[in-house]
Amino acid sequence: MFGAGGAAVAALSLGGTAQAVAAPAGPGRPPGEGTFGPVTVSDPASGASYARAVRLGEGGPGGSQTLLATFQQFSSPGGFQIFRSDDGGRAWRPWSNVPADGDSGRIWLQPFLYELPRAFAGLPKGAVLCAANSLDSTSTRIVLYASVDRGLHWTFLSTVAVGGPPNPQNGNTPVWEPFLLLHQDRLVCYYSDQRDPSYGQKLAHQTSRDLRHWGPVVDDAVGEEYSRRPGMTTVAQVHRSLWIMTYEYGVSDTYYPVRYKLARDPESFGPAPAQELLDQDGYAPSAAPTVSWSDSGGPMGTIVLSANSDADFFVNRALGDPGKWTRVSSAMPRGYSRFTIPLAGPGPWDRPGLVFVVTGAPYAEEAPIQAGVVQLD
């Protein structure tokens, strides 16, 4: 709600070997039987939120059931612990850490996991990227790591953006909240940016063709006046050639209504009009939204939005038509930046409308990191 260097990309070192432990049988129904949860991924001492996950490809018939998950802890330095599930999210085990040495001199917030859908910049298809905000009392840094062995070992690639101390008040200059997307021949890194003196905070992105050098800052959303704070970009492809960007829009210290933009090009959200998300009753969800898209639910699929304010999901089956948002109840608890991955059959997930969910505590509350699968249809 705050809204240099490294090894050559093509020659990532895998480091030493690690002992993998067999996953115990998970609770609930056997794999392939649809919904379950919430189950516990991890129950750290305090401050766990901003859960993120990625479903790895290259599985057996019907698709992979392997997922990686991580989260942030405000009070705990030492990077991000990565957890792995090989049964669709029912049972989890510790797997690795980003960075491997923990970098105990800095606090690590706002992780994002992304699997490359094709070979890119010297990395193979299926390489996993982790973007994060690494900060101390003097700076915030959006950094990028990569793994070529399904998240077991990680190598630093580059620093995307550097900002000032981690003070979220307007007038300061930090950067926050990375989100990654491979588009055409560029990796896009979206983030929240307080460095522009014209805005308290804006949304921006930079792109890279080699994962080491980053292009100029491009604006994606700005406030109508200086005090407004767009923050927490997430992006999803909607159907064929349409993209949605969602974000919170800080109107006051306590009110962050969800806004979104639609564009034909995910690198050109800037000129697109901003729309406030209202459900069928005129209710506005608030804070820390995330968005994904499922190809089920009708000929135009289903946009799935989560917000910190609600356990319910907000869905749209009309390509983001502002008058077509409805609420769908959820067995998964609400959380700060709760994350969703729509699941596609056949195989383990052979029912339409299934969505994997990973979540932590709502903002300023305490809760374990939990996962589950819900059905929207």
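Start by selecting Tyr145: at a relative accessible area of 10%, Tyr145 is buried. One thing to keep in mind as you click around is that this is a predicted model.

**Stop 1: the rings around Tyr145**

Now add Trp108 to the selection. Trp108 is buried too, with a relative accessible area of 2%. How do the rings of Trp108 and Tyr145 sit relative to each other? Their centres are 6.1 Å apart and the planes make 65 degrees; over 60 counts as edge-to-face, so that is what to call this pair. Colour by strand and you'll see that the contact links distant parts of the chain: Trp108 belongs to strand β6 (residues 107–115) and Tyr145 to strand β8 (residues 140–147), 37 residues apart.

Don't deselect yet. Bring in Phe80 and Phe156, and you have a cluster: ring pairs link Phe80, Trp108, Tyr145 and Phe156.

**Stop 2: a stacked pair**

The structure holds 12 aromatic pairs, so there's another one to look at. Select Phe71 and Phe83. With ring centres 6.1 Å apart and planes at 20 degrees, the pair is stacked, given that planes under 30 degrees apart count that way. Phe71 sits in strand β3 (residues 67–73) and Phe83 in strand β4 (residues 80–85), so the pair ties together parts that are 12 residues apart in sequence. Buried or exposed? Phe71 and Phe83 are both buried.

**Stop 3: the largest pocket**

Switch on a surface and centre on Tyr114, Glu115, Trp293, Ile341 and Pro342. Of the 33 residues lining the largest pocket, these are the closest to its centre. The pocket holds about 1,000 Å³ of space. Which strands should you highlight around the largest pocket? Go for β2, β6, β10, β14, β18 and β22 (339–342), each of which supplies at least two residues of the lining. If you colour that lining by class, you get 22 nonpolar, six polar and five charged residues.

**Stop 4: the largest cavity**

Next, hide the surface and select the lining of the largest cavity: Tyr50, Arg52, Phe112, Glu177, Pro178, Phe179, Met232, Thr233, Thr234 and Ser337. The space inside the largest cavity comes to about 50 Å³. Its lining residues divide into five nonpolar, three polar and two charged. In cartoon view, pick out β2 (48–55), β10 (175–183) and β14 (229–238); each supplies at least two residues of this cavity's lining. Those strand names may ring a bell, since β2, β10 and β14 are also among the strands that supply at least two residues each to the lining of the largest pocket.

**Stop 5: a four-stranded sheet**

Now select residues 290–294 and 325–328, which are β18 and β21. They belong to an open sheet of four strands in the order β18-β19-β20-β21, with antiparallel pairing. β18 and β21 stand at the edges with a single partner strand each, so one side of each is left without a neighbour in the sheet. Look along the sheet for the twist, which averages 30 degrees from one strand to the next.

Then zoom in on the inner strands. Strand β19 (residues 302–306) and strand β20 (residues 313–316) pair in the antiparallel sense over three bridges. To find your place, select Val304 and look across to Val315 in β20, which stands opposite.

**Stop 6: backbone oddities**

Drop the side chains and check some torsions. What is the value of phi at Leu319? Phi of Leu319 is near 55 degrees, a positive value in a residue other than glycine. You'll find Leu319 in the loop between β20 and β21, and at 26% relative accessibility Leu319 counts as partly exposed.

Ala288 is another non-glycine residue with positive phi, near 50 degrees. Ala288 is in the loop between β17 (275–276) and β18, and is buried, with a relative accessible area of 0%.

Finish with two prolines. The peptide bond from Gly37 to Pro38 is cis, with omega near 5 degrees, and Pro38 is in strand β1 (residues 36–42). Val98 and Pro99 are also joined by a cis peptide bond, with omega about -10 degrees. Pro99 is in the loop between β5 (93–98) and β6.

Notes: Residues numbered from 1 in each chain as written. Predicted model: local features only at pLDDT ≥ 70, side-chain atom pairs only at ≥ 80, totals over all residues. Heavy atoms only, no water. Pairing = 2+ DSSP bridges. Axes fitted to C-alpha atoms, helices over the stretch in contact; angles between N-to-C directions. 1 Å grid on protein atoms, 1.4 Å probe; cavity = no way out; pocket = protein on both sides within 12 Å on 5 of 7 lines; lining within 4 Å. Points joined across faces, edges and corners; volume = space filled by probe spheres on them. Nonpolar A, V, L, I, M, F, W, Y, C, P; charged D, E, K, R; others polar. Phe/Tyr/Trp six-rings, centres within 6.5 Å; stacked < 30°, edge-to-face > 60°. Buried < 20%, exposed > 50% of the residue type's maximum accessible area, 1.4 Å probe, protein only.
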